[in-house]
Amino acid sequence: MTETLYSTECYCTNFTATVLSCIKEDDRYAVILDKTAFFPEQGGQYADTGTLGPTCVLDVQIKDGVITHYTDRPLMKGTSVFGIIDWKKRFSRMQNHTGEHIVSGIIHAHFGYDNVGFHLNDSEGTLDLNGTLTRDQLEQAENEANEAVSRNVTIHILFPTADQLPTMSYRSKLELTENVRIISIPGFDTCACCAPHVRTTGEIGIIKILEAVRYKGGMRIHLKCGAYAMEDYKMRYAVTTVTANALHIRPEEIPEGIERLSAQISSLKAELNAVRREYLAQRAAALEYTDGNLCFIEAGADIQALRDLVNAGTEKCSGICAAFAGDDQSGYLFVIGSKSIPLRKRAGEITAALQGRGGGTDQMISGSVTAPAAMIRSFISHFTA
C-alpha cells in the first residue's frame, strides 16, 4: 500500500520514494511507489503531474487502493527516486476545490440542496446541484463565499475514528464507515473529501460564479477561484477594453452601446433589403421572355426578395424560375416557381439533386440546399418537365 503524502501534507511539493514496480504499458510505464505526493485522479479532480527523477509523470490513477504513476520512461525497481509536483497546477486546483467546498456548503446550509457532482479541470470547476437557485440566491452564495475568503479561516483535515464518525455532521455523496477524511472549514462547510486543499480560506484569493444552467433536473454551476479567476478577469477586462474603444464609449456604457449599435444595424439591414428588392424587381421587369428556365443567385437577398423575384420571373419563362441566396460555404436558401410544371411532386427530386430540403405547393417550393453555385446553375438549366 502506497503512503499518501497528499492526504496529510497538501503543501508537499517534493519527496523521495522507493520504486516498488515498473511495468511497460503501451507507450508509457506504470510505476508504483512506496509513498507519493502525487494526487491521483479521483473525486472529479484530474491527477497531479510533474517528474519522478528523469521521467515525466503523465498521469496518476488509483484503482482498488493501488496508486499507479504513468511515466514516459522506465524506473528501476528498488531504486530511490525524487518526485517533484507541478506546484502551480496543484495549488490552482487546491484553490478551486476549496472554493467549491465553501460554495457547496453555503448552498446546502441556506437552501438545502446537495452537491451531487463535481468536476475540476485546468480552467474551471463545475458543481451539480439537485435543485435550482435564482440569480439572487446565486449572488448571495457568491458574496458569502468571498466573505469566507476575507475572514481567512483556518482549514482543518480530520480523520475521525469509527466511534466519532456517527456523531459528526458532514456532507458526503457516499455512505462512509471507515478511513474517512474530513475537510472542515469552520462556519462554512464540513465535507468528506480525499483531495488536497489550501490551509486557510484567504489563500483562495477570490471565488467567482460564472454561470448556472439547468442540468438533469437540477443545476450546474460553473465557477473559478484564485489563479483561474484572475486569468478569467484579465481576459474579460481585455475584451471589455477593446469593445469600449471600438464603440468610443466607457466600459460601463457597453450594454447601452451594443443596444444602439444593434438597432442601427437592424435599420440598415431593413433599408438594404428594401433596396435589394427594388433592384431585383427592376431586374426581373427588364427580362425578356425565354422558352426555358431562369436561375438567379443573389448573395444577400432575403427570402421575401427571392419570392418577389420568382413571382416576376415565372411570367418571363415557360419552365421554372429559381432564385437562390447565400454562398458555397454556408449554403443557399431557395425559392422556385412555375406556371407550367407542378413543383410539389418534383420537390424531392430537386432537393435530392441539390443536397437540401424543402417543399411547398405546385406553384412554388422553398427550402435550403448545400450544393455549390456551379452545380445549382447546371441543374436548373437542364431541368425539364
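A nonpolar patch is made of residues with over 30% relative accessible area and no salt bridge, whose nonpolar side chains are joined within 5 Å. The close-up views below show parts of a predicted model.

**View 1. A nonpolar patch formed by Met230, Tyr233 and Tyr237.** These residues lie on the surface and together have about 370 Å² of accessible area. One of them, Tyr237, belongs to helix H4, which covers residues 226–247. Tyr237 is exposed, because its relative accessibility of 52% is over the 50% cut-off.

**View 2. A salt bridge between Asp128 and Arg220.** The closest N and O atoms of this pair are 2.7 Å apart. Asp128 sits in strand E10 (residues 125–129) and Arg220 in strand E15 (residues 218–225). With their positions 92 residues apart in sequence, the two link distant parts of the chain. Asp128 is buried at a relative accessible area of 10%, whereas Arg220 is partly exposed at 23%. A search of the whole structure finds 17 salt bridges.

**View 3. A salt bridge within helix H3, formed by Glu147 and Arg151.** Helix H3 spans residues 135–151 and holds both partners. Glu147 and Arg151 are four residues apart, which is about one turn of the helix. Their side chains meet with an N to O distance of 3.2 Å. Glu147 has a relative accessible area of 38% and is partly exposed. Arg151, at 53% relative accessibility, counts as exposed.

**View 4. A salt bridge between Arg283 and Glu298.** Here the closest N and O atoms are 2.2 Å apart. Arg283 is in helix H5, while Glu298 is in the loop between strand E16 (294–297) and helix H6 (303–313). The pair therefore ties together parts that are 15 residues apart in sequence. Arg283 is partly exposed, with a relative accessible area of 33%. Glu298 is buried, because its relative accessibility of 14% is under the 20% cut-off.

**View 5. A network of salt bridges that links Lys224, Asp232 and Arg236.** The view shows the side chains of Lys224, Asp232 and Arg236, which take part in this network.

**View 6. The surroundings of Asn273 in helix H5.** Helix H5 runs over residues 254–285. Asn273 is buried, with a relative accessible area of 18%. Apart from its neighbours within four places in sequence, Asn273 is in contact with Gly300 and Asp302.

**View 7. Asp64, a residue with a positive phi.** Most residues other than glycine have a negative phi. Asp64 is not a glycine, yet its phi is about 55°. Asp64 lies in the loop between strand E6 (55–63) and strand E7 (66–71). The residue is exposed, with a relative accessible area of 75%.

**View 8. Gln355, a residue other than glycine with a positive phi.** Phi of Gln355 is near 60°. Gln355 is placed in the loop between helix H7 (347–353) and strand E19 (356–360). Its relative accessibility is 42%, so Gln355 counts as partly exposed.

Methods:
Residues are numbered from 1 along each chain as its sequence is written. This is a predicted model: local features need pLDDT of at least 70, side-chain atom pairs count only at pLDDT 80 or more; totals for chains, interfaces and linings use all residues. Side-chain values use heavy atoms; hydrogens and water are left out. Buried means under 20% relative accessible area, exposed over 50%, partly exposed in between (1.4 Å probe, protein chains only). Contact means heavy atoms within 4.5 Å. Patches are made of residues with over 30% relative accessible area and no salt bridge: like charges are joined within 9 Å, nonpolar side chains (Val, Leu, Ile, Met, Phe, Trp, Tyr) within 5 Å. Accessible areas come from the Shrake-Rupley method with a 1.4 Å probe; for residues, only the protein chains shown count as cover. A salt bridge is a side-chain nitrogen of Lys or Arg within 4 Å of a carboxyl oxygen of Asp or Glu.
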